[in-house]
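Colleague: Please take me slowly through one part of this model, beginning with a single residue and working outwards from there. I am in my first year, so plain words would help.

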Amino acid sequence: MALTTSPDSRELVTVIGPDAHFKGDMSFQGKARVMGILEGKITADGEIHIENGARCLATVDAKVITVDGEVDGNLTARDRLHLSAKAVVKGDIAAGSLVVTEGAVFVGHCSVGPDAVSSKRADLGTTRASLTTPAVETKPAIQPFRTPTPRKTGTDWVNESASTLNTAAAAKTNDWIPQHAGAAKPAANSGWNNGVDPGA
Amino acid sequence: MSVLDFHKSPTPNTPARPVACYHCNARFNIAPAARNGRCPKCAKRLVFDDLVVTRPIHAGDLATCGLIVIEKKASLTLREAVASEGVEVHGTLHAQRIEGGQVVIKKKAKFSGSCRGRSLVVEPGAVVSGGYFEIGTHRAGPSQQNS
């Protein structure tokens, strides 16, 4: 029996039997028990129990995940993730709370906490958005017309640089900066040698 | 009772403490009061003490055959921590890599970094952010340490 729902039980549980090999995406509302081999993606609002001997090559997203078997894929548990002693998990984990029993094997990245699941989903959302949007931004073939800046005349740059220097050195002693071409020279005795010519 | 008898009086029969070398993973017994020594197999120096962090500390590397305990309201920021018996986080631990026997991240604790250990316990309420974990893939006590 590949995929059964036990009708006699009070609570409906979806079971993938030990002799089943399932490929594809699955979605549950309630509880699910995986005892066989499952490849693909599992999404559940309730609880998923991956039993001892089961093998999941899948991405699992559920409220509560209990792992007794082997999982090769990412696990996202909104509420709680329990790895029992015989669990073998290779993949990334995001969970509200995590219990790893001694003997369990886990290799991968781990995020645990109230914000871990939401941030993980946000990451997935951005990844999906980047997948849907083209990687290379296309530019319009015709560029909008750009008004050219007026070219500077021959003497504009002199006045501009002088005014820039004047502003930058306003706080300092700026008597040595020539304000313009006809600026007066600094006083001879204002320097370090008090106007005495060292060569004299 | 003579003086010689006094010297012959038996020492209290305290059980030896089993430890694992954090360089070569050799297991051997030490005296319970021993604080440091050398590994009988690789002859490297070892620290046997438990390291308890009670306040915010920035460190480079820490290594011990005992436990590393980060208490509540304490934080430990470091590059690498190796504790053969385990790491217990009640406060905050930021480490590039920790290796330990049993890694316990208590409730209200925060942990960031990569982790390698025999087993992992993350209590509800703890926050673990995104490092690489290897749990249960190697024998008790860290091994393959760079010499």
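**A threonine and its surroundings**

Modeller: B:Thr64 has a relative accessibility of 0%, so this residue counts as buried, the limit for that word being under 20%. Before we go on, please keep in mind that this is a predicted model.

Where does B:Thr64 sit? Its place is in strand E7 of chain B, which covers residues 61-64. Now look at what surrounds this threonine. Leaving aside residues up to four places away in sequence, B:Thr64 touches B:Tyr22, B:Val47, B:Phe48, B:Asp49, B:Leu51, B:Val82, B:Ala83 and B:Ser84. Two of these names, B:Asp49 and B:Ser84, are good ones to follow on the screen.

Let's take B:Ser84 as our stepping stone, since B:Ala20 touches that serine too. B:Ala20 belongs to strand E1 of chain B, residues 17-20. At a relative accessible area of 4%, B:Ala20 is also buried. Besides B:Ser84, the contacts of B:Ala20 are B:Asn25, B:Ala26, B:Arg27 and B:Cys65, again without residues up to four places away in sequence. You can also compare B:Ala20 with B:Phe48, a residue we met around the threonine. Along the chain these two are 28 residues apart, and their C-alpha atoms are separated by 9.6 Å.

Next, go back to B:Asp49, which touches B:Thr64. Which residue does B:Asp49 form a salt bridge with? The partner is B:Arg35, and the closest N and O atoms of the pair are 3.0 Å apart. B:Arg35 lies in the loop between strands E2 (27-30) and E3 (36-38) of chain B, while B:Asp49 lies in the loop between E4 (45-47) and E5 (51-53), so their salt bridge ties together parts that are 14 residues apart in sequence. With 55% relative accessibility, B:Arg35 counts as exposed. B:Asp49, at 23%, counts as partly exposed. Why might such a pair form at all? Side chains of opposite charge can pair when their charged atoms come close.

A second pair in chain B is B:Glu80 with B:Arg97, whose closest N and O atoms are 2.7 Å apart. This salt bridge links distant parts of the chain, with B:Glu80 in strand E9 (residues 75-89) and B:Arg97 in strand E10 (residues 92-105), 17 residues apart. B:Glu80 is buried at 11% relative accessibility, and B:Arg97 is partly exposed at 33%. The pair also has company: B:Glu80, B:Arg97, B:Glu99, B:Arg116 and B:Glu134 are linked in a network of salt bridges.

Now step back to see chain B as a whole. Its secondary structure comes to one helix and 12 strands. Reading from the N terminus, the helix comes before the strands. Of the 147 residues in chain B, 41% count as buried; B:Thr64 is one of the buried residues. If you take contacts in chain B between residues at least 6 apart in sequence, 14% of them join residues at least 24 apart.

Finally, let's see where chain B meets chain A. The contact takes 20 residues from chain B and 16 residues from chain A. Between them the two chains bury about 1,400 Å², with 56% of that area on carbon and sulfur atoms. How many salt bridges cross the interface? The rule finds one, formed by B:Arg118 and A:Glu102, with 3.1 Å between the closest N and O atoms. There are also five residue pairs in polar contact between the chains. On the side of chain A that touches chain B, the elements that give two or more residues are strands E11 (93-100) and E12 (105-112) of chain A. E12(A) supplies the largest share of that side, eight residues. Sorted by class, that side of chain A has 10 nonpolar, five polar and one charged residues.

The strands of the two chains also pair up here. E11(A) is joined by two bridges to strand E11 of chain B, residues 110-122, and the two strands run antiparallel. To find the spot, look for A:Leu98, which stands opposite B:Val122 in E11(B).

How values were computed
Residues numbered from 1 in each chain as written. Chains lettered and ligands numbered in written order. Predicted model: local features only at pLDDT ≥ 70, side-chain atom pairs only at ≥ 80, totals over all residues. Heavy atoms only, no water. Contact = heavy atoms within 4.5 Å. Buried area = accessible area lost by both parts, 1.4 Å probe. Salt bridge = Lys/Arg side-chain N within 4 Å of Asp/Glu carboxyl O. Polar contact = N/O pair within 3.5 Å; in protein donor to acceptor, adjacent residues only side chain to side chain. Helix = DSSP H or I, 4+ residues; strand = E, 2+ residues; numbered from the N terminus. Nonpolar A, V, L, I, M, F, W, Y, C, P; charged D, E, K, R; others polar. Pairing = 2+ DSSP bridges. Buried < 20%, exposed > 50% of the residue type's maximum accessible area, 1.4 Å probe, protein only.
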